Amino acid sequence: MDALRMLTERVSVPQLTGPEITPQEQEILLRSALRAPDHAWLRPSRYLLVTGEERRALGEVFLHATPDWQQLSEDRQQKILAMPLRAPLLIIAVSCIRQHPKVPRDEQLLSTGAGVQNILNAAWALGLGAIWRTGEMAVNPQVAEALGLSSQDVIVGFVYVGHVNGHLKQPPELPLDDFVTHWKPKTP
Ligand SMILES: Cc1cc2nc3c(=O)[nH]c(=O)nc-3n(C[C@H](O)[C@H](O)[C@H](O)COP(=O)(O)O)c2cc1C
């Protein structure tokens, strides 16, 4: 796929389906993630893959981490259990924040965010669909514990990757002038 078309036309894809993402495709996604810019080559990003039956186990983690989950309706419980089943591959992007004299926490988070964007772009270039999600589970300490994360680790995104299931949205083309200006120095 033409790289510039990919960058200017990619959309997020919430409706995803199988078949499985192949090991070759997974490698391209993850190698793309690892090419994200990274101040001082601190390597803050880690990527946890969740596929197959492990997605059901993660659904259990999500449910049991939900406050007062026993009080929820059966329908709501089933929805939470099914969250990780929304795509054949779930990539959990984590920023392992370290103290560094030149690289503040925000820059480490941004680096992992850039890694996520590279995954979205690479998925699109492979003809796959993907979407970056966060939500309550991304900041839930029980989920972090079940994923084996430490208190310094931050879940930057749950990236769902699969085959496009349905129509792709056609976002409106945004007028550049609404977002971009040529800076000029103030006149004294
Ligand atoms: C950090 C971050 C977190 C997001 N979390 C969610 C989410 O939890 N659920 C969701 O539906 N969309 C979420 N989104 C938005 C989608 O990823 C996507 O950007 C949005 O649906 C717009 O689609 P587009 O990327 O094609 O413009 C998030 C986006 C970002 C950048």
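**Exercise 1. In which strand is I91 found? Work out its surroundings too.**

Before we start: this is a predicted model, where local features need pLDDT of at least 70, side-chain atom pairs count only at pLDDT 80 or more, and totals for chains, interfaces and linings use all residues. Residues are numbered from 1 along each chain as its sequence is written, and side-chain values use heavy atoms, with hydrogens and water left out.

*Step 1.* I91 sits in strand β3. Helices (H or I, at least four residues) and strands (E, at least two) are DSSP runs, numbered from the N terminus.

*Step 2.* Now check the cover. I91 has a relative accessible area of 0%, so I91 is buried. Buried means under 20% relative accessible area, exposed over 50%, and partly exposed in between (1.4 Å probe, protein chains only).

*Step 3.* Look for partners, where a contact means heavy atoms within 4.5 Å. Leaving out residues up to four places away in sequence, I91 touches L29, L30, Y47, L48, L49, I119, G157, F158, V159 and V161.

*Step 4.* Try a distance as well: from I91 to H64 it is 21 Å, C-alpha to C-alpha, with their positions 27 residues apart in sequence.

**Exercise 2. Place I97 and decide: buried or exposed?**

*Step 1.* Find I97 in the loop between β3 and α5 (105–125).

*Step 2.* The relative accessibility of I97 is 11%, so I97 counts as buried.

*Step 3.* Residues up to four places away in sequence aside, I97 touches R105, Q108, L109, Q152 and V154.

*Step 4.* E107 is 10 residues from I97 in sequence, and their C-alpha atoms are 9.6 Å apart.

**Exercise 3. Describe the pair formed by F62 and F158.**

*Step 1.* Know what to look for. A pair of aromatic rings is described by the distance of the centres and the angle of the planes. Rings of Phe, Tyr and Trp (its six-membered ring) pair if their centres lie within 6.5 Å; planes under 30 degrees apart count as stacked, over 60 as edge-to-face and the rest as tilted.

*Step 2.* That rule gives a count of one aromatic pair. F62 and F158 form it edge-to-face, at 5.7 Å centre to centre and 75° between the planes.

*Step 3.* What does the pair tie together? F62 lies in helix α3 and F158 in strand β5, so parts that are 96 residues apart in sequence are tied together.

*Step 4.* Both rings belong to buried residues: F62 has a relative accessible area of 0%, and F158 is at 2% relative accessibility.

**Exercise 4. Map the largest nonpolar core.**

*Step 1.* Take the rule: a nonpolar core is a set of buried Ala, Val, Leu, Ile, Met, Phe, Trp, Tyr and Cys residues joined through side-chain atoms within 4.5 Å.

*Step 2.* The largest core has 28 residues, and F62, I92, I155, F158 and Y160 touch the most other members. At least two residues each come from α3 (54–65), α4 (74–81), β3 (89–96), α6 (141–146) and β5 (153–164).

*Step 3.* Apart from this core lies another, of 17 residues, among them I119, L120, A122 and A123.

*Step 4.* Zoom in on Y160: not counting residues up to four places away in sequence, its contacts include L16, M83, P84 and R86.

**Exercise 5. Sum up the whole protein: how many helices and strands are there?**

*Step 1.* Count six helices and five strands, in the order α-β-α-β-α-α-β-α-β-α-β.

*Step 2.* Of the 188 residues, 39% are buried.

*Step 3.* The C-alpha trace spans about 65 × 45 × 35 Å along its principal axes.
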